[in-house]
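Please open the structure in your viewer and keep the sequence panel visible. The stops below tell you what to select and what to look for there.

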Amino acid sequence: MKALTYLVIWAAVVGMTSCRLDGKYNVGGIVTGLRGSGLVLQDNSGSDLSVTASGAFTFRSGVKTSNAYSVTVRTQPSNPTQTCTVHNGSGTIDKRDVSNVVVNCTQAGRFAYVANQGANDISAFFIDAASGALTSIGGSPFAANGSAPMAVAVDPSGTFLYVVNNTSNNVSVFAIDDATGVLIPGGAFIPTGNGPAAIAIDPTNRYMYVANLGGNSVSAFAIQSGTGLVTAIAGSPYPVGRQPIALKTDPGGNFLYVTNFTDGSVTVFAIDSATGALTGISGSPFGAGAGAVAVAIDPAGAFALVANETAATISSYSVNSSTGALAAVSGSPLATGSAPESIAVDPAGMFAYAANVTSRNEIAGYAITPGNGALTLVTTVGAGILPLSIVIDPMGQFVYAANNGSGNVSVFTVDSSTGALAAVAGSPFAAGSGARSIAID
């Protein structure tokens, strides 16, 4: 009996640690956005693993404790051509499995969606793959199913569109028709806090976060796989600073960054990968500038940029990859000469673009200095009236700006060498009254 008891205990320990009989531990994570075929991942330049669909993956060969692991993409998907990027992909095994590797697959943007705050609807467009030009999708605009839609986000799988409705205090969900881009109402509303203004979906497509501008809080939700519906995470909503107006996760989904407009600061949370729960990190909130209104993280998760509308500056930070803490880089904040309202970083991490409102109504482009994250102005180009939202397509070919005052979208090509912008033929493209936010699928 004693021997049997020891055997049961030993089996339980093995089960908890997932350690194999050979003393090795599993390395795995999640793939999102995969549409093409032929994706092959490898660990430590071996252990090839073919992946055919989005979802969880685990390498067949384990790694012994104290040994390094390094997950890379050996073969990119084709039909359609995609670029898959690995985050949280390297480290050292410490007597436990690794399950937080994130592989994000993207392709040229297919559809664009614009929240029209004044019209209470969503404009939907086809994106011309060659030129970036926009063509209205049949049935557009679509009713937002809420009041004052202020922000939109497409999930990493490109399956659902989430619309943040500022005055009805909820988020509406739409399924995206994969062939046509048509929006199909989900039939359910997600209640938020008071005055929701922004939304972020983590790279694993498991968690959603909403900034409640009027409630000084962040609502957190777990996303139900395949349905687009959500459930509130325990502890939500989480208190932040005054008037949280924008939020963004790092590329690995380890941290959440929230800009507090009235406080001119950035609240930083660590994200529990198992539950999505948020915990404030040491040193948070971090100082920014007056009217901190938008935040962007570079693709490597090394630098963060904050647009300070009232101060007319951009704050630049290096990001501690272990703790999520922010440290101002040399030369920060950078004066912009006009109020920056939105900011985005290109997929290569070479350039940042800010939408400047007030009298200038322009887009400014900055080169990001490798190694230290300092910004250097390289281009300015006119946009529409009050450009409030700016996004870059997943391949870095085009920049899109939603112009709130003129109810349209400006589209620009990007010079991949210099970062210079040039308006595409036909730009700007008509959207709706109070075009406020834009998202690319």
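This tour goes through two strands, two empty spaces and one serine in a predicted model.

**Stop 1: strand 2**

Select residues 27-32, which form strand 2. Is this strand open to the outside or enclosed? Six of its six residues are buried, so strand 2 is largely enclosed by the rest of the structure. A residue counts as buried when its relative accessible area is under 20%.

Now add the strands that pair with strand 2. Residues 98-106 make up strand 10, which runs parallel to strand 2 and is joined to it by five bridges. To see one of these pairs, pick Val-27, whose bridge partner in strand 10 is Val-98. Next select residues 55-58, which are strand 5; strand 5 pairs with strand 2 in the antiparallel sense, over four bridges. Here the pair to pick is Gly-28 and Thr-58, with Thr-58 belonging to strand 5. While the side chains are on display, keep one rule in mind: in a regular strand they alternate between the two faces of the sheet.

**Stop 2: the second largest pocket**

Keep strand 2 selected and turn to the second largest pocket, which has a volume of about 290 Å³. Two elements give two or more residues each to its lining: strand 2 and strand 16 (160-165). Which of them has the largest share of the lining? That is strand 2, with three residues.

To find the middle of this pocket, select Ser-157, Thr-204, Asn-205, Ser-225 and Gly-226, the residues nearest its centre among the 19 that line it. Colour the lining by residue type and you should count five nonpolar, twelve polar and two charged residues.

**Stop 3: Ser-172**

Move to Ser-172, in strand 17 (residues 170-176). Is Ser-172 buried or exposed? Its relative accessible area is 2%, so Ser-172 is buried. Show its side chain and look for the backbone oxygen of Ala-144, which the side chain reaches at 2.7 Å.

Then display the surroundings of Ser-172. Beyond its neighbours within four places in sequence, Ser-172 is in contact with several residues, including Ala-144, Asn-145, Leu-161, Tyr-162 and Val-163. Ala-188 and Phe-189 are also among its contacts.

**Stop 4: strand 29 and strand 30**

Select residues 292-297, which are strand 29. Six of the six residues here are buried, so strand 29 is largely enclosed by the rest of the structure. Add residues 303-308 for strand 30, which runs antiparallel to strand 29 and is joined to it by five bridges. Ala-292 stands opposite Asn-308 of strand 30.

These two strands form a hairpin with five residues between them. In this hairpin, pick Gly-301, which takes a positive phi near 70 degrees.

**Stop 5: the largest cavity**

Stay with the hairpin for the last stop. How can empty space be found in a model? Rolling a probe the size of a water molecule over the atoms shows where such space is left.

The largest cavity holds about 30 Å³ of space. Select its lining: Ala-296, Ile-297, Asp-298, Phe-303, Ala-304, Leu-305, Val-345 and Ile-368. Strand 29 and strand 30 each supply at least two of these residues, and the largest share, three residues, comes from strand 30. By type, the lining has seven nonpolar residues, no polar ones and one charged.

Notes. Residues numbered from 1 in each chain as written. Predicted model: local features only at pLDDT ≥ 70, side-chain atom pairs only at ≥ 80, totals over all residues. Heavy atoms only, no water. Buried < 20%, exposed > 50% of the residue type's maximum accessible area, 1.4 Å probe, protein only. Polar contact = N/O pair within 3.5 Å; in protein donor to acceptor, adjacent residues only side chain to side chain. Contact = heavy atoms within 4.5 Å. Pairing = 2+ DSSP bridges. 1 Å grid on protein atoms, 1.4 Å probe; cavity = no way out; pocket = protein on both sides within 12 Å on 5 of 7 lines; lining within 4 Å. Points joined across faces, edges and corners; volume = space filled by probe spheres on them. Nonpolar A, V, L, I, M, F, W, Y, C, P; charged D, E, K, R; others polar.
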